[in-house]
Amino acid sequence: MRRALVLVFGILPLFGGGIPPSEYQQRRAVLRRSLDGVMVLFGAEEPEDLHTSFFQEANFLYLSGWREPGAAMLLTRDEEILFLPPHDVRAEIFTGRKTAAEDKEALEKSGFAKVLPRSAIESTYLKTLEAARAVYTVPSDAGAKKLLALAPLHDERNAATEIARLRVVKSPAEISLIAESTDATVAAHLAAWKAMKPGAFEYEIAATMTNVYFQRGCERSAYAPIVGSGPNSVILHYMTNHRRVDSGELVLMDVGAECSDYATDVTRTVPANGKFTPRQREIYDVVLGAQKAAIAAVKPGAVMRGKGSLTQIVRDYMDSHGKDLHGEALGKYFTHGLGHYVGLDVHDPGDANWPLQPGMIITIEPGIYIPEENIGIRIEDTVLVTDSGAKVLSGALPREPGEIEKRIGK
């Protein structure tokens with residue numbers, strides 16, 4: 001039986017569901033045409049920390065779909081090469097059999113035009129330098145630093161910046177996967193609302209949510225779940241999740257799934273006992289109104305940050321709606337950015353000053369955090385930029401306070 005299982009798993013494709021090998025090839029082809037030299041990227045290594053599973057480095061995954069550790073790639077305008085480490089029989093006892101360059105299936109599995117042993121990377125790189133003007137690497141890679149030292153007269157360029165310009169606009173397949181992650185996340189939030197009650201611990205709420213999307217086949221959380229009740233609701237990235245929830249408090253839940261490598265990001269803030277206090281409702285309505293104003297302004301050409309941006313729309317709305325206990329405007333309690341790109345990483349690379357384009361996926365997440373009142377409210381949705389505006393991918397999760405109250409504990 002064990003031999004049969006090994007054979008079955010040995011022939012499974014390395015590519016994630018929903019992204020065909022041809023799309024990875026196309027991504028590399030587009031990037032290669034833009035290069036004025038040689039790009040070398042290193043994939044993730046097998047983790048030594050037993051708390052962590054292996055997940056491929058995002059840029060490497062975006063260009064290759066390769067899901068085994070220790071790989072590297074070299075790209076020029078004329079060729080693409082994947083480098084694979086040799087078999088380590090002892091290591092494979094613990095972590096499973098890997099693909100080596102000499103394996104007959106390596107070329108077909110990889111989708112690359114050429115596959116070579118990892119040991120050949122330095123000599124291959126030195127040959128390509130003769131016709132290269134620049135070297136593109138991710139500077140934080142230890143392997144990249146060594147290769148850069150071999151090319152002191154070449155221009156150094158950041159590969160991550162070049163790849164980000166491709167990653168920021170999603171393909172139909174990527175949009176579909178992010179939508180699936182978002183649907184699983186919506187189901188997780190609804191399950192938490194149903195189980196919500198005073199006396200529950202924050203970690204119990206988080207576990208309810210993660211169980212839902214794990215049961216749907218998602219590999220991991222897109223980020224550590226944030227479940228902040230009462231005074232913890234004003235801590236932006238509170239991840240301890242140890243406090244007991246008391247009646248009359250707000251519970252801020254910033255929890256998202258990662259399914260088939262693609263993330264999502266959704267936040268809702270709800271009353272623990274199923275009823276907002278008048279003051280909580282007042283602040284909630286300001287945050288919701290600001291978010292609606294920003295989403296209505298999402299369209300190609302809009303920008304996230306700066307003069308006339310989505311962020312300015314939100315801050316202006318907050319400053320003109322509601323006051324704190326001292327009669328001052330609420331905009332100063334919006335203490336973080338309005339949103340970010342979403343994709344393989346929950347904070348996908350890209351510049352907030354870039355004009356929005358159709359196919360970009362962003363978050364819109366205004367928040368007001370008033371420590372003096374133990375009121376922290378954030379409403380966050382994952383939003384697709386369309387040809388004419390925006391589609392809220394997480395729109396199935398209610399935002400209206402009355403609808404939320406109807407669902408808590410039921």
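In this predicted model, the axes of helix α9 (residues 172-195) and α10 come within 8 Å and cross at roughly 145°. Here axes are lines fitted to C-alpha atoms, for helices over the stretch in contact, and angles run from 0 to 180 degrees between N-to-C directions. Helices (H or I, at least four residues) and strands (E, at least two) are DSSP runs, numbered from the N terminus. The crossing of α9 past α10 is right-handed, a label given when the near helix is turned clockwise from the far one by less than a right angle, with anticlockwise being left-handed. On the α9 side, the contact (heavy atoms within 4.5 Å) is made by Ala184, Ala187, Ala188, His189, Ala191, Ala192 and Ala195, which meet Ile205, Thr208, Met209, Val212 and Tyr213 of α10. By class, the residues of this contact comprise 10 nonpolar, 2 polar and no charged. In that division Ala, Val, Leu, Ile, Met, Phe, Trp, Tyr, Cys and Pro count as nonpolar, Asp, Glu, Lys and Arg as charged, and the others, Gly among them, as polar.

A word on conventions may help at this point. Residues are numbered from 1 along each chain as its sequence is written, and side-chain values use heavy atoms, with hydrogens and water left out. Because the model is predicted, local features need pLDDT of at least 70 and side-chain atom pairs count only at pLDDT 80 or more, while totals for chains, interfaces and linings use all residues.

Helix α9 also leads to a sheet, since α9 lies across β9 and β12 and runs at about 10° to β12. The sheet is open and antiparallel, with 3 strands in the order β8-β9-β12. The edges are taken by β8 (226-229) and β12 (267-271), each with a single partner strand, so one side of each is left without a neighbour in the sheet. On average, neighbouring strands of this sheet are turned by 15° against each other, direction ignored. Two strands are said to pair if DSSP finds at least two bridges between them. Antiparallel β8 and strand β9 (residues 250-254) are joined by 4 bridges, with isoleucine 226 having aspartate 254 in β9 as its bridge partner. Between β9 and β12, the antiparallel pairing extends over 5 bridges, and methionine 253 is partnered there by arginine 268 in β12.

Strand β12 is mostly covered, with 5 of its 5 residues buried. Buried means under 20% relative accessible area, exposed over 50%, and partly exposed in between (1.4 Å probe, protein chains only). Thr267, Thr269 and Pro271 point one way from β12, Arg268 and Val270 point the other way, and all are buried.

Strand β3 (residues 80-84) is likewise mostly covered, with 5 of its 5 residues buried. Both of its faces are covered: Glu80, Leu82 and Leu84 lie on one side and Ile81 and Phe83 on the other, all of them buried. Two strands pair with β3. Strand β2 (residues 72-75) does so in the antiparallel sense over 4 bridges, and leucine 75 stands opposite glutamate 80 in β3. The connection from β2 to β3 is a hairpin through 4 residues. The pairing of β3 with strand β4 (residues 114-117) is parallel, over 4 bridges, and places phenylalanine 83 opposite leucine 116 in β4.

The disulfide count comes to 1, where a disulfide is a pair of cysteine sulfur atoms within 2.5 Å. In chemical terms, it is a covalent bond between the sulfur atoms of two cysteines. The pair consists of cysteine 218 and cysteine 259, with sulfur atoms 2.0 Å apart. The link of cysteine 218 and cysteine 259 is right-handed, with 65° about the S-S bond. Cysteine 218 lies in the loop between α10 (202-215) and β7 (220-221) and cysteine 259 in strand β10 (residues 257-259), so the disulfide ties together parts that are 41 residues apart in sequence. Both cysteine 218 and cysteine 259 are buried.

Two backbone angles round off the picture. Most residues other than glycine have a negative phi. Asparagine 241, however, has a positive phi near 55°. This residue, asparagine 241, is placed in the loop between β8 and β9 and counts as buried at 6% relative accessibility. Serine 260 also has a positive phi, near 50°. Serine 260 lies in the loop between β10 and β11 (262-263), and its 22% relative accessibility makes serine 260 partly exposed.
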